[in-house]
Every structure is written in structure tokens, then in C-alpha cells.
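Me: I should like a close look at a single part of this model, set in the context of the whole chain. Please give the answer as one connected account.

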Amino acid sequence: MIELENIEKIYRSEGVSTPVLKGVSFRVEAGEYVAVMGPSGSGKTTLMNILGCLDTPTGGRYLLDEIDMVKLDDDELSRVRNRKIGFVFQLFYLLERATTLKNVMLPLIYAEEYPADAEQRARNSLLEVGLGERMNYHPNTLSGGEQQRVAIARALINDPAIILADEPTGNLDSRSGIEVLSVFKRLHRQGRTIVVVTHDRFVAEHAGRIIQLKDGVVTEDKAVAEPRDPEAELQDPERREVAQ
Ligand SMILES: Nc1ncnc2c1ncn2[C@@H]1O[C@H](COP(=O)(O)OP(=O)(O)O)[C@@H](O)[C@H]1O
Ligand SMILES: [Mg+2]
């Protein structure tokens, strides 16, 4: 489904070139749950922006469902993005003045054609993330974990096959973070492809596979023998420890 071949990204500004991705290659099959893990500054967000068609690489090939993304123009990229990909960020980017229901409907308001069942779809999305009771609340009356789940509901509104998340628990306390990971696990079980970008080993170990990124190259790519179980962690705080 996702195929990266020798992806390079060099930022250029004011005569200075900063090479950030230096030949990144990997494939992600449909239905996988993958973590891209690396220290701060290793190029994770840059890579996620390329995967999400928010940015284009300066070299290499990116095929998404066999379509060469590097060849598409901006309009075509944004169409692919809206249809196939749901984004979750560290900061939730919710509109404070809109209810959770309105926040989740927002991507549809900007869609080419506003669907007649927009509100019903938003309700279903909120039910999926366990926020059926919070539809008419405003974001600032919700906990951080709930706000992130609203953002996930918003990401689900176009029923994307892929969820891309960049440090989705970075702004959350440990319990709220695990709640978010439990939503990802559920979405994965439904058959969605999940790619989580994180510096946090604990978060990465919830995925079925960890791709290590360091200084712009993949240094390791392997399956997680026994992915962590967020449900068990919610029951038992001792499971929230990372083995040293
Ligand atoms: N727009 C940009 N222009 C120039 N340099 C950038 C830009 N965005 C990121 N960088 C640099 O690229 C490197 C990797 O950044 P990033 O992809 O955000 O890493 P990570 O998400 O792993 O922390 C950093 O050194 C950062 O300063
Ligand atoms: Mg980052």
C-alpha cells in the first residue's frame, strides 16, 4: 500500500541546504500497524508529511496504492489525502468555539460536496472513539485525552484507509495516552493501516512493527514480538513501565 524508495528530503533556505532524509526505503502493507521511532530531529515529522502528501520529497519514489505520488500536482495530492488519509497530530488543532460534533464535521464543510449525512457521520465517528456523550461539549471543557479522541474522530470522518499520527500522545498524561493508543488498536482491528511517528519507545511498542529512524536513515526495521496491550495497561499501572 505504502512504498517508499530511497526518499530524500533536503530543506533549502537562504542558501543553506539541510539534508534531513537521506534515502529512506520501506513498505507498509494494508492493515499493518507500524511505528516510526527516532530521537527528536531525526526526520520523523518530515517523513510523516511526505507520507501524508503534505510535502514532497526532493528525491526518491513514493507509491501509494501503486500511484506515484511524486508525479501528482497539488490538487491531485490533496484529493488523495482527503480520500485516503486521516491525520492525528500532537496538538489537537480543535476549534475552541465549535462543539465536538461541529469540529468533527469540519473536514466535510470544506469538501467539494457537502454530504447530506454529514452530521450522522460525525456522530458515528464520535461513537467510534467513545465520545458519544460529548457531542455538544466544547473542546476546552474536555480533558486532553478526550480532545485527542475528538481529533481522531475528525480524522475518521472520510473513512480513511490510513491513519497517520505524529506524536499523538506527546501532550497527554500517561493514562490519556493509553486511551488514545487503545483507540488506535481498535481502528487497526477494523482493518485500517496505522502509522504512528514517535520518539517514545513505550508508544512504539503498541505497534506490530517498529522502524527506527536515525539521522535521516532507517537503522532498524523489525516486528514487535508481542505488541503492548492498552486495555491491560488501563487495568494495571505496572504494565505502563518500559523495560530498560
Ligand atoms: N521547513 C524546514 N526548513 C529547514 N529545516 C527543517 C524544516 N523542517 C524541519 N527541519 C529540520 O529537519 C530536521 C528534522 O526535523 P523533523 O522532521 O521535525 O524531526 P523530528 O520530527 O524527528 O523531530 C531538524 O533538524 C529540523 O530542524
Ligand atoms: Mg516531529
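What percentage of the 244 residues of the chain count as buried? With that as background, please examine helix α1 (residues 44-51) closely.

Reply: The model is a predicted one, and of the 244 residues of its chain, 49% count as buried. The chain comprises 8 helices and 10 strands. Its radius of gyration is 18 Å, close to the 18 Å that the globule rule gives for 244 residues, so the chain is as compact as a globular protein of that length. The C-alpha trace spans about 50 × 50 × 35 Å along the principal axes.

Within this chain, helix α1 covers residues 44-51. Of its 8 residues, 6 are buried, so the helix is largely enclosed by the rest of the structure. Buried here means a relative accessible area under 20%. The buried positions in α1 are K44, T46, L47, M48, I50 and L51. An α-helix has 3.6 residues a turn, so residues three or four places apart point the same way. After α1 comes C53, which has a positive phi, near 60 degrees.

Helix α2, which covers residues 74-84, may be considered beside α1 through one of its residues, D75. D75 is exposed, having a relative accessible area of 52%, where exposed means over 50%. On the surface, D75 belongs to a patch of negative charge, in which it gathers with D73, D74 and E76.

To return to the part requested, α1 is largely enclosed by the rest of the structure because 6 of its 8 residues are buried.

How values were computed: Residues numbered from 1 in each chain as written. Chains lettered and ligands numbered in written order. Predicted model: local features only at pLDDT ≥ 70, side-chain atom pairs only at ≥ 80, totals over all residues. Heavy atoms only, no water. Patch = residues over 30% accessible without salt bridge, like charges linked within 9 Å, V, L, I, M, F, W, Y side chains within 5 Å. Areas by Shrake-Rupley, 256 points an atom, 1.4 Å probe, with all protein chains shown as cover. Salt bridge = Lys/Arg side-chain N within 4 Å of Asp/Glu carboxyl O. Lys, Arg positive; Asp, Glu negative; His and termini not counted. Charge placed at Lys NZ, Arg CZ, Asp CG, Glu CD. Helix = DSSP H or I, 4+ residues; strand = E, 2+ residues; numbered from the N terminus. Buried < 20%, exposed > 50% of the residue type's maximum accessible area, 1.4 Å probe, protein only. Rg over C-alpha atoms; globule rule 2.2 N^0.38 Å.
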